[in-house]
Number of protein chains: 2
Amino acid sequence: MKLNIAVLPGDGIGPEVTAQAVKVLKAIAINFDHVFTFSNALVGASAIEKFNDPLPEATIETCKSADAILFGAIGKTSYDLDPYAKIRPEQGLLRLRKTLDLHTNIRPVIAYDDLLIKSSLKKTQIKGTNILIYRELTSGIYFGDKYLSEDNNTASDVCKYTREEIERVAHSAFKAAQSRKQKLTLVDKANVLESSRLWRRVVQELAAQYPNVEVNYTYIDNAAMELIINPKQFDVILTENMFGDILSEEASVIVGSIGLLASASIGDNHVMFEPIHGAYTKATNKGIANPIASILSAAMLLEHFGLDDEASLVRDAVEKSLTLHITTPDLNNKYDNITTTKVGDFIEDFINNPD
Amino acid sequence: MKLNIAVLPGDGIGPEVTAQAVKVLKAIAINFDHVFTFSNALVGASAIEKFNDPLPEATIETCKSADAILFGAIGKTSYDLDPYAKIRPEQGLLRLRKTLDLHTNIRPVIAYDDLLIKSSLKKTQIKGTNILIYRELTSGIYFGDKYLSEDNNTASDVCKYTREEIERVAHSAFKAAQSRKQKLTLVDKANVLESSRLWRRVVQELAAQYPNVEVNYTYIDNAAMELIINPKQFDVILTENMFGDILSEEASVIVGSIGLLASASIGDNHVMFEPIHGAYTKATNKGIANPIASILSAAMLLEHFGLDDEASLVRDAVEKSLTLHITTPDLNNKYDNITTTKVGDFIEDFINNPD
Ligand SMILES: [Mg+2]
Ligand SMILES: [Mg+2]
């Protein structure tokens, strides 16, 4: 298969983890006779530095002409500490999602047996957890109208949803549930928010089309608790943009490290794959960034194009690295010299010579 | 001391847990020579059933003329399942908070040694956790303008904050931090939301007035993760209304049961005390509802009026009940016949005859 992949490493640890994912994709291409070409482009703080724009036109063009996008991470401490900054790295990612209409974000949360001990949760609580979070990605409060009064003393954000926006991500989530444990949980705040009540109505209506799927409804505050108390109760979680952001980052404690969580962002015409973690600026270039979330995002990319054997091999390699403690310090208290690159090298080697 | 206390038991398990808190307050009054009078009033679904209004005028009057309000819980499954309902139980609570201007909600999260084993988190992770969450309670997206299009296909909610709204709760949080471990963490989403950037600016400015307080800033998605990974890093958490709702319910996993978390809602002219849990309709009248959150809310009430010895005695009684496993089933796998009332009776007895 020929695939033209846009690579947007971004900021902080983005470039170093993305480099490992590219290395892995190249190994897959060689071993399975595919032709993957890679085109790099700037986004986030690195794009602001060069073009005063977190999402330059050239980057959009590179993404639009690619079959898939591999994204690293964006963000920079100096912007976090300056709430007056008008141009911000995160705008690059948000505008990219919107421009390419990447409306459906899929985040698998899987408890690996080899890592049960790493979690801050008790082993019995998490063993066997396998959740797929469907997060709406191009609407809600992150994209609603923003307002700041002239005197800087009043500010507001609007959380708006339309039926169509809810339906497309909901259909995908229902279909995923059908091929899994036939359970879907909608997370909202319908007892207080009008937009959440729209979510609940739409999902209640769609449920009739998926009679074999058991649908549950829960409030975000309760879900944040239940996700920790009993994660195994969940199969597919469907939720709006911000709630999905919160829940998926929280869910990383089940897996043992946020450095393991991959995601796919699916639109009607474009697809993007990225770790759920951020730029983690203070870890930049120290060799301690975990590349597995990025590598597993590459596996989701392969799977998206029907390359299931290839994706499986990447996942096997990742699991092997976990079993053998070939992991960065966030997961490792056995060896202290396993760098980002070494993890990538191990996974590349495994692909070249599977046991 | 003479205290006129409005009691709003509300719905579901609200009445049964509130009854235990009232019993405890009566025991305190007798043993310490106080005169506490109690005036009951309806709120939530029970008020809708009788007056077609979740917050009848009579209830507001009872609250306004009281020195303090003891609140149970509201909500009913039938409303949760009907996103079209125009009159909803939760409106009663939201309107009450707004009418009485109860802007500052304080939620202690304390890991009791006797309960470390009950948490889904590892003991070492949580032992010693003592967090005070300051949640803004009368603004943000729960109170912003709501919109539903005529065709029911578009809905929105506005999250709006003013400098004044942020300042008053922030000052309280800074003062609390000063008397504790001098650490304050602001939780927001300033990389994306305009209202969060206002929070960050205001808190950055106020920080200059509290030079001995170390201030940290973190995003809500990250905070939802860090709260589980390392809760002991937090002292005082300051945040907006919805984020506080989510984080405090999530924090209940540290304590071992949501049935233990009390809260105080403080305004300039009125004060209200309530458990953070909801009406938990399906547990109603089964004797399984944990009354401790309500009883600890009563302890916060006593403390608010400077009755520190009285509050301490209530807390000692609660801890004794935990040590002796005189607890409802959410915390008990030793005895299976300890009801809501029995827990209340034990705490009442302890107050009458402390060891
Ligand atoms: Mg996030
Ligand atoms: Mg809540």
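A salt bridge here is a side-chain nitrogen of Lys or Arg within 4 Å of a carboxyl oxygen of Asp or Glu. Keep that in mind as you click through this predicted model.

**Stop 1: the first salt bridge.** Select A:Asp245 and B:Lys189. They form a salt bridge, with the closest N and O atoms 3.0 Å apart.

**Stop 2: its counterpart.** Now pick B:Asp245 and A:Lys189, whose side chains also meet in a salt bridge, at 3.0 Å from N to O. B:Asp245 sits in helix H10 (residues 241–255) of chain B, while A:Lys189 is in the loop between strand S8 (183–188) and H8 of chain A, so this pair joins two chains. Across the interface of chain A and chain B, the rule finds two salt bridges; the structure holds 32 over all chains.

**Stop 3: the whole contact.** Select the contact residues next: 62 from chain A and 62 from chain B. The two chains bury about 5,500 Å² between them, and 60% of that is on carbon and sulfur atoms. If you turn on polar contacts, look for 30 residue pairs across the interface, both residues at pLDDT 80 or more.

**Stop 4: chain A's side.** Which elements of chain A give two or more residues to the side that touches chain B? Colour helix H5 (89–99), strand S6 (146–148), strand S7 (154–162), helix H8 (194–207), helix H9 (220–229) and helix H10 (241–255) of chain A. S7(A) gives the most, with nine residues. By residue type, this side of chain A divides into 30 nonpolar, 13 polar and 19 charged.

**Stop 5: strand to strand.** Stay on S7(A) and add strand S7 (residues 154–162) of chain B. Nine bridges join the two strands, which run antiparallel. For one pairing, click A:Thr162: its bridge partner in S7(B) is B:Thr154.

**Stop 6: the symmetry.** Finally, zoom out and superpose the chains. A turn of 180° and a shift of 0.0 Å along the axis lay chain A on chain B with an RMSD of 0.0 Å. The two copies are therefore related as by a two-fold rotation axis. The same surface serves both copies, too: 100% of the contact residues of chain A recur in chain B.

Technical notes. Residues numbered from 1 in each chain as written. Chains lettered and ligands numbered in written order. Predicted model: local features only at pLDDT ≥ 70, side-chain atom pairs only at ≥ 80, totals over all residues. Heavy atoms only, no water. Contact = heavy atoms within 4.5 Å. Buried area = accessible area lost by both parts, 1.4 Å probe. Polar contact = N/O pair within 3.5 Å; in protein donor to acceptor, adjacent residues only side chain to side chain. Helix = DSSP H or I, 4+ residues; strand = E, 2+ residues; numbered from the N terminus. Nonpolar A, V, L, I, M, F, W, Y, C, P; charged D, E, K, R; others polar. Pairing = 2+ DSSP bridges. Least-squares fit on C-alpha atoms with pLDDT ≥ 70 in both.
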